[in-house]
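Please work through the following exercises with the sequence and the coordinates open beside you. Each one sets a task and then gives a solution in steps.

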Amino acid sequence: MAGKIDESLFSAHEHALEKEERCPKCGSVLVIKHSKRGPFKACTGYPACDFVESLHHNDGHVVKELGLPCPECGNELVLRQGRFGMFIGCSAYPECQHIEKRDQEPVTEGVDVACPECGKGKLHEKKSRFGKAFYACDAYPKCKFAVNLKPVKGCCEVCGFALLLEKQTVSGVVKVCASKKCQHKQG
């Protein structure tokens with residue numbers, strides 16, 4: 001072996017903090033412990049003292065106060081960091097659970113294509129929670145049709161499916177049948 005590994009690193013399940021911190025409830029020393037929800041600070045005086053503090057900052061902590069009143073209770077709205085990203089919510093949480101909904105993005109120009117599955121809705125560009133674009137029927141949840149490539153008006157030459165997709169390839173842009181069974185490439 002190249003070097004000797006310090007075996008005590010694997011056996012330790014409690015770690016001391018870099019700088020000794022004291023429990024705000026009882027004054028005992030705080031240590032870092034781990035659970036399925038992540039690391040947290042805990043009091044060494046447990047079970048007499050039950051102080052714990054999460055070390056994860058994706059629990060809805062306040063990033064910025066916005067100075068706007070909550071439409072439900074009148075308290076101030078704040079920008080928070082949650083486990084799925086930033087959101088705007090009431091500062092009086094959990095008493096008031098108001099959360100601002102994100103505005104729907106405007107329909108992209110040139111994507112005025114009817115849904116081939118239900119025939120009633122139109123396909124609109126949407127963003128996934130990771131910021132990637134996809135196109136879905138606006139009749140959701142009744143119609144769950146969605147594609148990742150940009151839809152184009154037209155019919156497939158082979159199967160007659162009523163939607164084509166614009167696919168970028170090495171040789172240029174190609175139109176592809178949107179049917180998962182066919183996927184015929186057209187010039």
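The exercises below concern a predicted model and go from its overall content and confidence to its sheets, a separate strand pair and its nonpolar core.

**Exercise 1. Describe the overall content of the protein chain, and state how many helices and strands there are.**

Step 1. The protein chain holds one helix and 15 strands.

Step 2. Of its 187 residues, 26% are buried, while the accessible surface amounts to about 14000 Å², with 52% of that area belonging to carbon and sulfur atoms.

Step 3. Among contacts in the protein chain with a separation of 6 or more, 16% link residues that are 24 or more positions apart.

**Exercise 2. Determine where in the protein chain confidence is lowest and where it is highest.**

Step 1. Begin with the average, which is a pLDDT of 77 for the protein chain, with 78% of the residues scoring at least 70.

Step 2. Confidence is lowest in helix α1 (residues 8-11), where the mean is 44, and highest in strand β12 (residues 150-152), where it reaches 87.

Step 3. Over residues 6-14 the pLDDT stays under 50, and the model has six contacts beyond four places in sequence for this stretch. Residues 104-110 are also below 50, with four contacts in the model beyond near neighbours in sequence.

Step 4. Where pLDDT is low, the predicted coordinates should not be read in detail.

**Exercise 3. Trace the open sheet that contains β8, β9, β10 and β11, and explain which strands stand at its edges.**

Step 1. The strand order is β8-β9-β10-β11, and the pairing is antiparallel. Because β8 (113-114) and β11 each have a single partner strand, they are the edges, and one side of each is left without a neighbour in the sheet.

Step 2. At the β8 end, two bridges join β8 to β9, and Ala114 has Lys122 in β9 as its bridge partner.

Step 3. In the middle, β9 (residues 122-127) and β10 (residues 133-137) pair over five bridges, with Lys126 standing opposite Phe134 in β10. The hairpin of β9 and β10 has five residues between the strands, and Gly131 takes a positive phi near 90° there.

Step 4. At the other end, β10 is joined by two bridges to β11 (residues 146-147), where Ala146 is the bridge partner of Ala136.

**Exercise 4. Repeat the analysis for the open sheet of β12, β13, β14 and β15.**

Step 1. The four strands follow the order β12-β13-β14-β15, again with antiparallel pairing. β12 and β15 (185-186) have a single partner strand each, so one side of each is left without a neighbour in the sheet.

Step 2. Six bridges join β13 (residues 164-169) to β14 (residues 172-177), and Thr169 has Gly172 in β14 as its bridge partner.

**Exercise 5. Characterise the pairing of β2 with β3, and say how many residues join them.**

Step 1. Strand β2 (residues 30-35) and strand β3 (residues 38-43) run antiparallel and are joined by six bridges; Leu30 stands opposite Cys43 in β3.

Step 2. The hairpin between β2 and β3 passes through two residues.

**Exercise 6. Identify the residues of the largest nonpolar core, and list the contacts of Cys115.**

Step 1. The largest nonpolar core has eleven residues: Val113, Cys115, Leu123, Tyr135, Cys137, Cys143, Phe145, Val147, Leu163, Leu165 and Ala178.

Step 2. Leaving aside residues up to four places away in sequence, Cys115 touches Gly121, Lys122, Leu123, Cys137, Cys143 and Phe145.

Step 3. In soluble globular proteins, nonpolar side chains tend to be buried together.

Technical notes:
Residues are numbered from 1 along each chain as its sequence is written. This is a predicted model: local features need pLDDT of at least 70, side-chain atom pairs count only at pLDDT 80 or more; totals for chains, interfaces and linings use all residues. Side-chain values use heavy atoms; hydrogens and water are left out. Two strands pair if DSSP finds at least two bridges between them. pLDDT is the predictor's confidence in each residue, from 0 to 100. Contact means heavy atoms within 4.5 Å. A nonpolar core is a set of buried Ala, Val, Leu, Ile, Met, Phe, Trp, Tyr and Cys residues joined through side-chain atoms within 4.5 Å. Buried means under 20% relative accessible area, exposed over 50%, partly exposed in between (1.4 Å probe, protein chains only). Accessible areas come from the Shrake-Rupley method with a 1.4 Å probe; for residues, only the protein chains shown count as cover.
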